Structures are given as C-alpha cells and as structure tokens.
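This report describes a two-chain model, its confidence, its folds and the contact between its chains. The sequence and structure come first, and the text follows.

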Amino acid sequence: MKPYVRPMPATWWLRRGPYFRFMMREFTSVFVAAYLVLFLVMIHRLYQGQAAYESFLESLKSPLAILFHVVALAFALFHTITWFNLTPKALTFRIGEERLPPVAIIAPNYLAWIVISAMIGWFVLKG
Amino acid sequence: MAKSNEPIWWSLFSAGGVVAAFLVPVHIFLTGIAWPLGLLPGDFLEYSKMRMLLSHPAVRLYCFILISLPLFHWAHRFRFTLIDLGVKHLHTLVAVLCYGAAIAGTIAAAVILWG
C-alpha cells in the first residue's frame, strides 16, 4: 500500500512571510556563490595579464554589474545577520547556573565582523 | 547504523557559512561597488599592485578559503532548497550535482591560484 502524500505546490514559500524569509535566507548562498565565481574569474584574468585584467575591471563598471553587486551585497548582509543571530541556538554558555543571554553571544560576532571588514579594507587599500 | 557522509557536508556547510558571513560582504563592497563607483580613494585594484598581493602565499591561501568553503555552503543549502521545492525523487542526483559543482569550483580555484 502506498502512503498518501499530500501534494505540495512548488510555490508554498510564497504564501506566508516566515516561509518567504526562510527561502530568501536559503537563496543568499546563490548570490554569495555567484560573486565568488566572478571573484575567481577576476583572479584568472589577473594571471592572464594586464590587458585581460583591465578589460575585466572595465566590465565591472557596467550598470548591470553594479546592480548585480548591490543586490548580492544585500543578500550577503542578510546571510551575515541571520547567521550571527542563529549562533545562540548553536552555542550556549553557562556561568554557574545562569545561561549567558543571547545578546552576549551575538554582539561579539558583529564586533569581530566590523573589525575584520575594516582590516580587509585597509589591507586592500594600502596593500 | 550505516556510516553517513552527512557530518562532512554539514561541517563544510557550517565553515562556509562562517566565511561567507564574516568576509564576503566587504569583498562585494570593495570590488563590485566601491571600486567601479570610485567611492574610495585611489585605484586600489590596480594591476601591478594586485599581482604583488597575489604573489604572497598567505594571500593565495586566503583567496582559496574565501572561494571554496562558501561554495560548499551553497551546495548544502541549494540541495535542500531543491528538495523543498519538490525535487524529492531525484535527491541523489541533486546531491551529486550540488556537491560536485562545489568540488569543481574548488579544483578550479586551486588550479588558477597555484597552477
């Protein structure tokens, strides 16, 4: 006998806000991966020589490329925020009987993120 | 109990999530927005300077980690997104294609960086 499986339309995630946010969070990885493939192409062009690299840089100036990066940045930031906000679910610290409040676990992530981003920016600008 | 590969994929997913969360936004901003729009001083993506940077072994290793781990993060998420969207009957093929793409990207990154 085959068990009954209730049919689920492929658009189930469009029906409710939390489902939609879940799907958007899953989709952040698509934009992150697409950016990193472009980043690898940029390194590849760099090794091919100055002319290849500079024509790649020129293509970064097209309105479509800038639009892509703005959207990709929005998705990447959504990933960062949802990822940091999940850390108290994965890690719990206790001091004696007391559980460390979630904000004490989330806040250091944001602080480290700002410091790391500033360091990378400084390294690329001065390097 | 049968041995499972899931812990490996989950560890790569998790490590890639951390790399993506901490490192990717600033990279997108620098190369994709700040440089083309000239928001920051100087031609900071200039050819000879970037060649110098990439000649450093630590910078190459950094780029390798930056590219590879989030690809595995994507593979894991995309695999379950496709299953959630109803591709249940092809779950083995979906897993092979997703992780296979991440492995191919990792090999491509290694070849480009050290080849």
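## Contacts of B:A75 and the shared core

Setting aside residues up to four places away in sequence, B:A75 touches B:C98, B:Y99, B:A101 and B:A102; two residues are in contact if their C-beta atoms, placed from the backbone, lie within 7 Å. The model is predicted, so local features need pLDDT of at least 70 and side-chain atom pairs count only at pLDDT 80 or more, while totals for chains, interfaces and linings use all residues. Residues are numbered from 1 along each chain as its sequence is written, and chains are lettered from A and ligands numbered from 1 in the order in which they are written.

B:A75 belongs to the largest nonpolar core, which has 40 residues; A:V32, A:A76, B:L71 and B:A75 touch the most other members. A nonpolar core is a set of buried Ala, Val, Leu, Ile, Met, Phe, Trp, Tyr and Cys residues joined through C-beta atoms within 7 Å. A residue is buried if 20 or more other C-beta atoms lie within 10 Å of its own, exposed if 12 or fewer, and partly exposed in between, with C-beta atoms placed from the backbone. At least two residues of this core come from each of α1, α3 and α4 of chain A and α1 (6–37), α3 (57–84) and α4 (91–114) of chain B. Helices (H or I, at least four residues) and strands (E, at least two) are DSSP runs, numbered from the N terminus. The most is given by α1(B), with ten residues. In soluble globular proteins, nonpolar side chains tend to be buried together.

## The contact between the chains

Chain A puts 43 residues into the contact and chain B puts in 42. On the side of chain A that touches chain B, two or more residues come from each of α1 (17–48), α2 (50–59), α3 (63–90) and α4 (102–126) of chain A. The largest share of that side, 15 residues, belongs to α1(A). By type, the residues of the side of chain A that touches chain B are 31 nonpolar, nine polar and three charged. Here Ala, Val, Leu, Ile, Met, Phe, Trp, Tyr, Cys and Pro count as nonpolar, Asp, Glu, Lys and Arg as charged, and the others, Gly among them, as polar.

Two residues give a local view. A:V124 lies in helix α4 of chain A and is buried, with 20 other C-beta atoms within 10 Å. Not counting residues up to four places away in sequence, A:V124 touches B:L30 and B:F44. The helix around A:V124 is itself hardly covered: two of the 25 residues of α4(A) are buried. The end C-alpha atoms of α4(A) are 37 Å apart, which agrees with the 36 Å that its 25 residues should span at 1.5 Å a residue; the expected span is 1.5 Å times one less than the number of residues.

B:G17 is in helix α1 of chain B and counts as buried, because it has 25 C-beta neighbours inside 10 Å. Apart from neighbours within four places in sequence, B:G17 is in contact with A:W83 and B:H73. The C-alpha atoms of B:G17 and B:G105 are separated by 17 Å, with their positions 88 residues apart along the chain.

## The two chains

Chain A has four helices and two strands, in the order α-α-α-β-β-α from the N terminus. Its radius of gyration is 21 Å, well over the 14 Å of the globule rule for 127 residues, so chain A is more spread out than a compact globule. The radius is taken over C-alpha atoms, and the rule is 2.2 Å times the number of residues to the power 0.38. Chain B has four helices and zero strands; its radius of gyration is 17 Å, where a compact globule of 115 residues would have one near 13 Å.

| Chain | Property | Value |
|---|---|---|
| Chain A | C-alpha box along the principal axes | roughly 60 × 55 × 30 Å |
| Chain B | C-alpha span along the principal axes | about 55 × 30 × 20 Å |
| Chain A | buried, of 127 residues | 18% |
| Chain B | buried, of 115 residues | 34% |

Among contacts between residues at least 6 apart in sequence, 43% in chain A join residues at least 24 apart; in chain B, 71% do.

## Confidence

The average pLDDT, the predictor's confidence in each residue from 0 to 100, is 92 for chain A, where 99% of the residues score at least 70. For chain B the average is 94, and 98% of the residues score at least 70. Within chain A, confidence is lowest in strand β1 (residues 94–95), at a mean of 80, and highest in α2(A), at 97. The model scores ipTM 0.94 and pTM 0.91.
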